[in-house]
Amino acid sequence: MRVPKEGEFVTIQSYKHDGSLHRTWRDTMVLKTSECSLIGMNDHTLVTESDGRRWVTREPAVLYFHTKYWFNIIAMIREKGVSYYCNLASPFVLDEEALKYIDYDLDIKVFPDGEKRLLDVDEYEDHRKIMQYPTEIDLILKENVKILVDWINEGKGPFSDEYVETWYQRYQQLSKR
């Protein structure tokens, strides 16, 4: 697979463990790729749900995906500050069609004041039984919740103001081309 260049656009597709398509984001701008990660930007991006419903993201958001961690991070830039939505998910893969990952229901939301909430625990438990998540995946996800909370508490990577500001400025530069 050809790695997308800075300023190019990719589609993002999230799936469920059973292989069903969950959600699609069209036209995410690539800000940086490395051997293990991709940083992108959504800004008023069209999102299509599995049932066909469509909506558009409300604010600019810096996206962080990694090939080794079982989460991805969305830093939403809002008037009252940056909010984070972190999906517990498989590491991403990139093919000719899209950047793809499996969404494992659990999410952590971080508010501008630093408050953290673990979301969708009931949904995770229901899907874990229905889709028969292997014990190994359950353990990996729980370990990655701990890693993610450490990153949040330490202001590491996407959880630093400088990171978000740097990548938002880069997006603005690339948008002017």
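These notebook entries record what I looked up about salt bridges in a predicted model.

**Entry 1: overall search.** I searched the whole structure for salt bridges and obtained 14.

**Entry 2: E6 and R177.** I then turned to one pair, E6 and R177, and found them joined by a salt bridge whose closest N and O atoms lie 3.6 Å apart. I checked where the partners sit in the chain: E6 belongs to the segment before β1 (9-15), whereas R177 belongs to the segment after α3 (161-175). The two residues are 171 residues apart, and the pair thus links distant parts of the chain. I also looked up their accessibility. E6 has a relative accessibility of 36% and counts as partly exposed, while R177, at 70%, is exposed.

**Entry 3: a network.** I asked which residues are linked with E6 and R177 in a network of salt bridges. I noted R170 as the further member of this network.

**Entry 4: R26 and D27.** I recorded a salt bridge between the side chains of R26 and D27, with an N to O distance of 3.3 Å. R26 is partly exposed, its relative accessible area being 44%. D27 is likewise partly exposed, at 38% relative accessibility.

**Entry 5: K100 and E97.** I found that K100 forms a salt bridge with E97, and I noted 2.7 Å between the closest N and O atoms. Is K100 buried or exposed? I entered K100 as buried, because its relative accessibility is 14% and the cut-off for buried is under 20%.

Technical notes:
Residues numbered from 1 in each chain as written. Predicted model: local features only at pLDDT ≥ 70, side-chain atom pairs only at ≥ 80, totals over all residues. Heavy atoms only, no water. Salt bridge = Lys/Arg side-chain N within 4 Å of Asp/Glu carboxyl O. Helix = DSSP H or I, 4+ residues; strand = E, 2+ residues; numbered from the N terminus. Buried < 20%, exposed > 50% of the residue type's maximum accessible area, 1.4 Å probe, protein only.
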